[in-house]
Amino acid sequence: MTDLSTTYMGLKLVSPLMAGSSTITGTVRKLKSLEDAGAGAVVLGSIFEEQVRAEVSDMVAVLETQDNPEAYDYIRADYPMQIGPEKYLDTIRQAKALLRIPVIASLNCTTRDHWISYARKIEQAGADALELNVYDIPHDPAEDAAAVEQRHLNLVAGVSGELRIPVAVKIGPHYTSLANFIKRLTALDVQAVVMFNRFFQPEIDIEKLKLKSGINLSHAEDSGLPVRWIALLRGLIPCDIAMTTGVHGAEGAIKGLLAGANAVQVCSALYTPAGAGVIGDILKGMSAWMDRHDFGCIADFRGSLAEPAEGAGRGFARAQYVKDLLGRRE
Ligand SMILES: Cc1cc2nc3c(=O)[nH]c(=O)nc-3n(C[C@H](O)[C@H](O)[C@H](O)COP(=O)(O)O)c2cc1C
């Protein structure tokens with residue numbers, strides 16, 4: 001009998017599989033179906049900084065005039081965009097009243113100004129933790145890499161340490177020195193890093209000569225990027241790690257845990273016809289795999305393929321690539 005229970009940021013989870021932030025985690029009814037399917041925790045759809053500052057209609061108008069179709073599409077695709085900040089707090093309260101599993105709120109911010117007080121409201125509404133979604137596409141040629149990183153660190157520093165609930169930071173993979181950035185991030189009193197957000201990619205309609213809107217979902221092959229970095233950094237950072245991107249089945253979730261993730265988030269797979277049922281399928285697959293390998297609990301295998309902090313690496317960096325190339329020549 002396998003035991004899938006684990007902990008993440010000090011929260012007890014019935015399983016390491018969390019429903020990641022999206023439109024699906026925006027309504028209490030859907031959250032309940034995710035819990036019923038076996039999710040260990042849910043991360044609510046993000047509340048966007050723009051929502052905290054302005055009414056939704058104002059925000060849409062601003063984004064439309066700002067020639068920023070990517071941001072507009074991302075936000076338009078998202079349910080929380082349709083609701084105001086008070087409604088977001090209501091969703092947290094209702095979710096807490098209905099669910100037994102941890103409810104993690106999500107805040108998307110690009111500036112430090114407006115959100116510390118809102119983060120406190122989120123805490124007061126009863127969220128078990130807060131995930132900061134650092135969704136940012138720095139494209140100002142005047143801002144160098146150091147300035148971008150410092151801006152992101154300032155965002156996090158603004159809230160970590162201010163709340164009693166645990167804080168996770170969800171980042172993208174595009175930092176010049178990812179390992180150095182994450183090391184500095186984890187010095188800021190955060191309880192987890194969520195690796196990696198998958199930014200929406202713009203699509204051009206070549207007939208209409210304009211950008212297409214719509215959601216593009218991940219594929220199982222996309223899990224390689226977070227798995228590599230989780231394995232490389234597991235031994236070097238003190239806080240928990242959640243994997244996001246490319247978990248579409250038990251195999252992806254197991255890879256993330258073997259690499260050293262404490263929990264694994266699933267999002268795109270929830271948009272397939274199986275819906276929340278994917279959670280049960282993944283958990284069933286994980287249990288069967290654990291049985292086959294005689295693992296009684298998650299701790300029996302979690303991190304067992306992470307790169308050792310010292311000594312010969314397992315090949316998550318360059319070694320495997322070189323080996324494969326040389327192997328092919330033989
Ligand atoms: C339709 C949709 C909406 C999303 N909304 C959010 C969001 O509000 N906040 C957030 O942090 N991530 C959001 N994401 C990103 C997901 O949480 C996840 O990190 C990403 O899709 C990679 O995981 P996946 O491969 O399982 O989809 C969204 C993704 C999708 C597909």
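Two strands count as paired if DSSP finds at least two bridges between them. With that in hand, start at strand 13, and keep in mind that the model is predicted.

Strand 13 covers residues 263-266. Strand 3, residues 17-19, runs parallel to strand 13, and 3 bridges join the two. Within that pair, Leu17 is the residue opposite Val264. Strand 12, residues 240-243, also runs parallel to strand 13, with 2 bridges between them. There, Ala242 is opposite Ala263. So what connects strand 12 to strand 13 in the β-α-β unit they make? The element in between is helix 10, residues 250-259, and the unit is right-handed.

Now the side chains of strand 13. In general, side chains in a regular strand alternate between the two faces of the sheet. In strand 13, Ala263 and Gln265 point one way, while Val264 and Val266 point the other way. All four of these residues are buried.

Two of those names come back in the core. Which residues touch the most other members of the largest nonpolar core? They are Val42, Val193, Ala242, Val264 and Val266, in a core of 84 residues. As a general point, nonpolar side chains in soluble globular proteins tend to be buried together. For one of these, Val42, I have the contacts, leaving out residues up to four places away in sequence. Val42 touches Met18, Ala19, Thr25, Leu31, Leu34, Ile101, Val103 and Ile104. Met18 and Ala19 fall in strand 3, residues 17-19, and Val103 and Ile104 fall in strand 6, residues 103-108.

Next, strand 7, residues 129-133. 5 of its 5 residues are buried. Ala129, Glu131 and Asn133 point one way, and Leu130 and Leu132 point the other. On one side, strand 7 pairs with strand 6 in the parallel sense over 5 bridges, and Leu107 has Leu132 as its bridge partner. Strand 7 is also parallel to strand 8, residues 167-171, with 4 bridges joining them. In strand 8, Lys170 is the residue opposite Asn133. Here too there is a right-handed β-α-β unit, made of strand 7, helix 7, which is residues 145-159, and strand 8.

Asn133 leads to the ligand. How many residues surround the ligand? The number is 24, and the closest are Ser46, Asn133, Ser218, Cys267 and Ser268. Sorted by class, that shell has 14 polar, 6 nonpolar and 4 charged residues. Asn133, then, is one of the closest residues to the ligand and also a buried residue of strand 7.

One loop residue before the totals. Ser223 sits in the loop between strand 11, residues 210-212, and helix 9, residues 224-233. Is Ser223 buried or exposed? Ser223 counts as buried because 24 C-beta neighbours lie inside 10 Å, and the cut-off for buried is 20 or more. Apart from neighbours within four places in sequence, Ser223 is in contact with Thr245, Gly246, Val247, Gly252 and Lys255. Its C-alpha atom is separated from that of His248 by 8.9 Å, and the two residues are 25 residues apart along the chain.

Finally, the chain as a whole. The protein chain has 12 helices and 13 strands. Of its 330 residues, 42% are buried. Taking contacts between residues at least 6 apart in sequence, 72% join residues at least 24 apart.

Terms used. Residues are numbered from 1 along each chain as its sequence is written. This is a predicted model: local features need pLDDT of at least 70, side-chain atom pairs count only at pLDDT 80 or more; totals for chains, interfaces and linings use all residues. A residue is buried if 20 or more other C-beta atoms lie within 10 Å of its own, exposed if 12 or fewer, and partly exposed in between; C-beta atoms are placed from the backbone. Two residues are in contact if their C-beta atoms, placed from the backbone, lie within 7 Å. A residue is near a molecule or strand if its C-beta atom, placed from the backbone, lies within 6 Å of it. Ala, Val, Leu, Ile, Met, Phe, Trp, Tyr, Cys and Pro count as nonpolar, Asp, Glu, Lys and Arg as charged, and the others, Gly among them, as polar. A crossover is right-handed if, with the strands pointing away from the viewer, the path from the first strand over the helix to the second runs clockwise. A nonpolar core is a set of buried Ala, Val, Leu, Ile, Met, Phe, Trp, Tyr and Cys residues joined through C-beta atoms within 7 Å.
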